[in-house]
Amino acid sequence: MSPEALPLTRRSFLRAGTTAALALTAAGCGFASDDDPAGAAAAHAPIDVKVDGDLVYFNWADFVDPAVFEGFQKEYGVKVVQSNFDSMEGMAAKLNAGNRYDIIFPTAKWAQRLAAGGRLRTIDHSRLKNAEAVFGGYGYFADPWYDPGSAHTVPFTMYKTGIGWRRDRLGDLTGSWSDLWNEQAKGKVFVLDDRDEVLGMGALKLGLGLSTGDPVELDRVTDTLRSLRPRLRGFSSDSYNNLLNGNADMTQAWSGDMAAMLAQAEDPSVFGFEVAREGAPVNSDCYAIPANAQHPGTAMLFIDYMLRPENVKKNIEYIGYPMPVRGTEDTYAALVEPFPQCLVTADDLGADLFFRNGTAADERARDAAWTDVKAG
């Protein structure tokens with residue numbers, strides 16, 4: 001694929017500023033309640049996998065290869081009506097406002113909130129011809145913490161967080177989150193503009209729980225991160241552009257963005273990507289069908305179409321993120337050959353370093369800590 005065909009960052013500003021301002025518990029979910037018993041019953045009814053209208057699609061911008069969309073539209077004689085969100089909170093706000101979508105793509109913790117709030121249709125995997133390549137190949141997703149039995153979701157992408165850097169300026173790193181404190185990189189270091197990622201990095205560096213909401217532990221985290229502030233150039237989720245244009249010598253980064261950067265780099269050997277030995281946060285985006293979807297049958301067809309290996313491979317090459325579909329691993333491995341630590345393995349999933357939903361008190365404490373970190 002040519003660099004011209006690759007859009008700029010996938011996550012970049014999309015993940016910026018996604019603080020948990022709503023301070024929601026997994027039980028409260030932050031979604032408007034639905035007291036309609038008929039609607040609740042419909043959410044659990046089996047979905048007929050057939051065309052029942054055009055597909056109303058809601059996702060991060062530019063996260064599916066346009067050629068895959070075109071193939072789906074041509075094969076099933078439907079249109080894909082696209083809308084995009086710029087944060088998980090933005091997605092939830094649109095759902096709460098009554099907007100109706102047929103397919104959405106929440107992250108793991110938000111899938112849990114949606115499912116707990118009764119906002120997702122159940123998905124019968126046996127009705128998807130290609131689901132076995134996911135659930136038979138990746139046992140983790142057969143019963144993930146965020147959606148027991150994957151009753152409401154099918155995994156879409158996987159990724160982890162590490163450090164991208166300029167080898168030509170810094171040489172080799174040590175494989176630790178402490179590398180962000182590298183004296184040689186001082187003034188040219190970025191961390192992600194993302195509450196969970198930055199607090200999680202500080203917590204892992206200290207040997208604490210990734211999603212801790214304990215005020216005493218968070219004080220330790222903010223003290224540690226405060227020592228990093230004088231070394232930072234800024235908070236930015238535009239990780240690979242900062243490296244490419246020389247604004248950064250080092251940056252906290254999502255593995256998928258680093259893989260995408262390889263298509264832009266004239267000389268990939270100039271750059272490196274590492275995951276820290278203290279632990280690398282891992283995450284996944286999911287396919288999900290809202291409870292009020294008007295065309296759930298078309299949504300099921302779309303999920304099944306997206307799971308075809310040939311379409312998975314196209315999308316992997318387009319967005320730079322691996323997808324848990326058996327038989328497509330070599331495609332991603334070839335894409336990230338210069339950055340092998342971008343690979344997401346069964347061991348990475350098993351380490352279970354996913355960001356979790358906390359209690360309302362936990363989320364308020366994390367919001368306060370993040371405000372403290374950003375303020376310096």
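One aromatic cluster makes a good starting point: Y57, F63, F69, F72, Y76, F105, F156, Y159, Y287, F302, Y305 and Y321 form it together. The model is predicted. Across the structure there are 22 aromatic pairs. One of them joins F69 and F302, two members of the cluster. This pair is stacked, with 6.1 Å between the centres and 15° between the planes. F69 belongs to helix 2 (residues 66-76) and F302 to helix 11 (residues 296-306), so the pair ties together parts that are 233 residues apart in sequence. Both partners are out of reach of the probe to a high degree by the numbers: F69 is buried at a relative accessible area of 6%, and F302 is buried at 0%.

A second pair has another geometry. F235 and W370 meet edge-to-face, 5.7 Å centre to centre, with 85° between the planes. F235 sits in strand 6 (residues 232-235) and W370 in helix 15 (residues 360-375), so this contact of rings ties together parts that are 135 residues apart in sequence. F235 is buried, with a relative accessible area of 18%. The cut-off for buried is under 20%, so F235 falls within the class. W370 is buried too, with a relative accessible area of 4%.

The ring of F235 has a charged partner as well. The charged end of K374 sits over it, 5.2 Å from the ring centre. W145 has a similar arrangement: the charged end of R356 sits over its ring, 4.1 Å from the centre.

Now back to helix 11, the home of F302. How many of the residues of helix 11 are buried? Eleven of its eleven residues are, and the helix is mostly covered. The buried residues are P296, G297, T298, A299, M300, L301, F302, I303, D304, Y305 and M306. Note that D304 is on that list. F302 and Y305 are on it too, and both belong to the aromatic cluster. What covers the buried residues of this helix? The cover includes strand 1, helix 2, strand 3 (103-104) and strand 4 (153-166). It also includes strand 9 (282-288) and helix 12 (309-319).

Strand 1 and helix 2, both part of that cover, also share a local motif. Strand 1, helix 2 and strand 2 make a right-handed β-α-β unit. Strand 1 and strand 2 (residues 80-84) pair in the parallel sense over five bridges. Within this pairing, N59 stands opposite N84 in strand 2. The link from strand 1 (55-59) to helix 2 is a loop that contains D62. D62 has a positive phi of about 60°, although it is not a glycine. D62 is partly exposed, at 30% relative accessibility.

A second aspartate repeats the backbone feature. D352 also has a positive phi of about 60° and is not a glycine. Where does D352 lie? D352 lies in the loop between helix 14 (346-350) and helix 15. At 30% relative accessibility, D352 counts as partly exposed.

P281 leads to another region. P281 is placed in the loop between strand 8 (271-274) and strand 9. Is P281 buried or exposed? P281 is buried, with a relative accessible area of 2%. Its contacts beyond four places in sequence are Y159, K160, T161, W177, E197, L204, L210, L353 and F355. Among them, Y159 is also a member of the aromatic cluster. E197 shows the reach of P281 along the chain: the two are 84 residues apart in sequence, yet 7.7 Å apart in space, C-alpha to C-alpha.

What about cysteines? The disulfide count comes to zero. C286 is buried, with a relative accessible area of 0%. C342 is buried, also with a relative accessible area of 0%.

Finally, the whole chain. The secondary structure comes to 15 helices and nine strands. Of the 376 residues, 57% count as buried. Among contacts with a separation of 6 or more, residues 24 or more positions apart account for 80%. The pairs F69 with F302 and F235 with W370 give two examples of residues brought together across the sequence, with parts 233 residues apart in the one case and 135 in the other.

How values were computed: Residues numbered from 1 in each chain as written. Predicted model: local features only at pLDDT ≥ 70, side-chain atom pairs only at ≥ 80, totals over all residues. Heavy atoms only, no water. Phe/Tyr/Trp six-rings, centres within 6.5 Å; stacked < 30°, edge-to-face > 60°. Helix = DSSP H or I, 4+ residues; strand = E, 2+ residues; numbered from the N terminus. Buried < 20%, exposed > 50% of the residue type's maximum accessible area, 1.4 Å probe, protein only. Lys NZ or Arg CZ within 6 Å of the ring centre and 35° of its normal. Contact = heavy atoms within 4.5 Å. Pairing = 2+ DSSP bridges. Right-handed = clockwise from strand over helix to strand, strands pointing away. Disulfide = S-S within 2.5 Å.
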